[in-house]
Amino acid sequence: MMLMKTVQRLWSALAAAALGGAVVMAFSGAASAQEIVVQGNGRVDTETVRSYVTGTGSLDEARRAMLQTGMFSDVRLSRQGNRIVVSVRENTTINRVVIEGNRKFNRDALEPELQTKARRPFSQATVDADVRRLQEMYTRIGRSAAKITSRTVDLPNGRVDVVFTVEEGSKTGIAEINFVGNDAFSSRRLRELMNTSEMNLLSFLKTNDTYDPDRLAADYELLRRYYLKNGYADFQVVSADVKYDDAQEGYVVTVTVNEGRQYRVGQVGFDSRVAQIDPEILRDQIETGAGDVYNAEAVEKTLTNMTNEAVRRGHPFVSVRPTGARDPATQTVNLGFVIEEGPRVYVERINVRGNTRTRDYVIRRELDIGEGDPFNKVLIDRAERRLNALGYFKKVRVSTEPGNAADRVVVNIDVEDQPTGAFSISGGYSTSDGAIGEIAISESNFLGRGQFVRLAGQLGQRSRGVDFSFTEPYFLGYRMSAGFDLFSKYSDQTQYARYENRLTGGQIRLGLPLTEESGITLRYSLFEQSLKVPNTLRRPYNDCSAPLAGYTARNADGTSLYPNCAYDGEASVAVKESQGTTLTSLAGVTLAYNTVDNLKNPRSGIYAELKPDVAGLGGDSKYFRVTGEARYYRELWEDIVGVVKFQGGHINAIADNQRTSGIATAGGDLRLVDHFFMGPTLVRGFAPSGIGPRDISTPDANSNALGGTTYLGATVEAQFPLPLVPRDLGLKGAVFADAGTLFGYQGPRAFDVNRNGSFQCATANVQPECVVARDKMTIRSSVGASLLWNSPLGPIRFDYAYALSKDEGQLVNFPTFGWVRVGQDQTQAFRFSGGTRF
């Protein structure tokens, strides 16, 4: 009996299971068995809609799948008897995207930022996001008041045009940058460190006074590095508050900092755990010492020096770790450098991303390691600094990620290209060249190859010219630069001399770095110099030798009456006989040393260069010349920079120089045009060619500069900011004292002007055929004040100097004229120079 009941239960269960399975099968197959009616579709094919219903397990899943395609804005599915009704509303398709009202950005710059694209489904959420994105772009260029709106234009067949309308509005810049918590350095100094600036009268010429969060973040890093460089190891930017001020119509940026204490270096420890390297070799690479102000840059440089030295000696996996223990009681930091073998990790791959213009190899060559080389973090950090210093990129970020094996690492270099070309128009005035203008076009990343190209033309009152320069910074794939220059320049020297000069030629150069601070440049120049003495009624500077009809007083034999012919200006016989064309073939070397902190606005460091040159590899001139200059900058007090400058040069003839005029001469062998001619570039307060040996055989003071073979000069200057003047105006003041001398004329002293073999040094009626040189080693000195303006037209300088000592010349008795003082230095109290590219 019990067995019968058990069998009956089993059969009941099997029947129920079979019935349930049949119901499920019937339901799941209903969609395919029942009629599917599609409503509302226009562009989407009916069978395409049905495929989503028949191929899904449930109507809800079918609805979700259809919405995810982006083809429909609404989908509804319902059962009506034996039918499934699918009602759809298709998304509108975008026909085209239009941007109107944009002037500051061109269409090519805006379109890539938009997610709304032609031939895609219309999405209001995407359009709204694009409006916000455009708003952000205008905010970054200081157009926070810009208004961006969107609208659609309905078209047939379910299509629309999407129109973005831009009202750019006026420029919204930064009205103030304030600092809170700074005691060691003034707010003015901190603002000078930042790339972001405040609005002022020159805002129409600049773009760095707009609110840009990325630029401000980079500025905060500049502040941090500056404090760490000056011993404030605990410095941090606590907060940065940016608010828009309606009254000032600009942003007010308030930066709160915590400076901490200034630390000095206590002890400097050294722990080398690599037995194969002599510890003393690495110890010599330390850039800081006990008692120095703590300098994070010196620590970084020490790490780089030690790593390079270890790699050079065959230890690529060496790791150099700095250690630092602060002692607040003594305000010292005890530094240590630990040298040990690092993990043996290799570079699997180097990815360069984001460079749309700059070529990959231009970026990769800044790395001292390549794919397959041992990985070294210090060398990677140095490569990042080099890439930032190129100026080709707005952003540079170097990161790493694990490779395909435990001992492999992938290096990622993400960059963002920025414009590197410039078209400049500049103008200015100098007391030597008069009013002058220049048009130039330059590109520092030519064709994305990292090459520098510049073409410029100048036109002025007393000068004009053209020059072209090309530089390849990595010649033949090595870290050495090569380039050439072509130039042609005409200058009218008649205001301070009595001749016109044209210089045409070219130069090739090869630069080799020796260390981070020093380098050597090999140069070869070939140029032609043409000198001419004007002789017209307006400029009769040669009528003593070539009388002008109806103008020049003459003797009975038709020759010019001397010295009457010289009263209106007459060139020295040395200048006259230098007329013609001279070809110079010059080979030289430039040795340079530079530790200046900032080339545009130096505050500390040394810049020195030495230039030996030899002329005579062909051509007309044959001489050995050496010139040198050294400048030392040091901040005396905050914002007051002291400058000490020394300069000097010497030139000596190697052999008899060829005379282009072909006339016989007597005296020295150095051509007149090869001498040094000095004035305000050596001692301010003196005119161009205003000091040095002079020909006293003529009463014309402006024509008788002969030049010298040796010059020496020294300058002491203090530069300071002008009170109540915004630093963005670029105005500074300076006081200075100069001293220097030029002497040693070694040119011809007698000329056979009449070609008769006679060298007459003085007669009553004709200009002497010899030079009477006043050549004394007189020290010239001056004091004065300057106004320096780093203007949008380039650096401009106003100097006013008073000569303390000079060569007073001597009295010479000229027929008709009587006693005349000649040979004296020519002074010029005011000097105005400048007007370069902007």
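Before we start: helices (DSSP runs of H or I, at least four residues) and strands (runs of E, at least two) are numbered from the N terminus. Residues are numbered from 1 along each chain as its sequence is written. This is a predicted model, so local features need pLDDT of at least 70, side-chain atom pairs count only at pLDDT 80 or more, and totals for chains, interfaces and linings use all residues; side-chain values use heavy atoms, with hydrogens and water left out.

**Exercise 1. Get an overview of the chain.**

Task: Find how many helices and strands the chain has, and what share of its residues is buried.

Solution.
- Step 1: The chain has 13 helices and 37 strands.
- Step 2: Of its 838 residues, 45% are buried. Buried means under 20% relative accessible area, exposed means over 50%, and partly exposed is in between (1.4 Å probe, protein chains only).
- Step 3: Now the surface. About 41,800 Å² of the chain is exposed, and carbon and sulfur atoms supply 54% of that. These areas come from the Shrake-Rupley method with a 1.4 Å probe; for residues, only the protein chains shown count as cover.
- Step 4: Contact means heavy atoms within 4.5 Å. Take the contacts with a separation of 6 or more: 61% of them link residues 24 or more positions apart.

**Exercise 2. Check the lengths of α8 and α10.**

Task: Compare the span of α8 with the expected one, then do that for α10.

Solution.
- Step 1: The expected span is 1.5 Å times one less than the number of residues.
- Step 2: With 17 residues, α8 reaches 24 Å from first C-alpha to last, close to the expected 24 Å.
- Step 3: α10 also has 17 residues and should span 24 Å; its end C-alpha atoms are 24 Å apart, so that agrees.
- Step 4: Look just past the end of α8, and you'll meet Gly231, with a positive phi near 95°.

**Exercise 3. Describe how α8 and α10 pack.**

Task: Work out at what angle the axes of α8 and α10 cross, and which residues make the contact.

Solution.
- Step 1: Two packed helices are described by the angle between their axes and the distance between the axes. Axes are lines fitted to C-alpha atoms, for helices over the stretch in contact, and angles run from 0 to 180 degrees between N-to-C directions.
- Step 2: The axes of α8 (residues 213-229) and α10 (residues 296-312) come within 6 Å and cross at roughly 85°.
- Step 3: That makes α8 roughly perpendicular to α10. The cut-offs are under 35 degrees for roughly parallel, over 145 for roughly antiparallel, 65 to 115 for roughly perpendicular, and oblique for the rest.
- Step 4: α8 brings Arg225, Leu228 and Lys229 to the contact, while α10 brings Ala296, Glu297 and Glu300.
- Step 5: Sorted by class, that's 2 nonpolar, no polar and 4 charged residues. Ala, Val, Leu, Ile, Met, Phe, Trp, Tyr, Cys and Pro count as nonpolar, Asp, Glu, Lys and Arg as charged, and the others, Gly among them, as polar.

**Exercise 4. Find what covers each helix.**

Task: List some buried residues of α8 and α10, then find their cover.

Solution.
- Step 1: The buried residues of α8 include Leu216, Tyr220, Leu223 and Tyr227.
- Step 2: Their cover includes β7 (173-180), α7 (187-193), β8 (236-245), β9 (250-258) and α10.
- Step 3: In α10, the buried residues include Val299, Leu303, Met306 and Ala310.
- Step 4: The buried residues of α10 pack against α8 and other elements, including β11 (318-327), β12 (332-341) and α12 (377-390).

**Exercise 5. Look at the pair α3 and α4.**

Task: Decide which angle word fits α3 and α4.

Solution.
- Step 1: α3 (residues 46-54) and α4 (residues 59-68) pack at about 135°, with their axes 8 Å apart.
- Step 2: That makes α3 oblique to α4.
- Step 3: Val49, Tyr52 and Val53 of α3 meet Leu59, Ala62, Ala65 and Met66 of α4.
- Step 4: By class, this contact has 7 nonpolar, no polar and no charged residues.

**Exercise 6. Visit some loops.**

Task: Find whether Asp209 is buried or exposed, then look at Gln331.

Solution.
- Step 1: Asp209 sits in the loop between α7 and α8.
- Step 2: At 0% relative accessibility, Asp209 is buried. Beyond its neighbours within four places in sequence, its contacts include Lys171, Ser197 and Arg215.
- Step 3: Gln331, in the loop between β11 and β12, is partly exposed at 33% relative accessible area.
- Step 4: Gln331 has a positive phi of about 55°, although it isn't a glycine. Most residues other than glycine have a negative phi.
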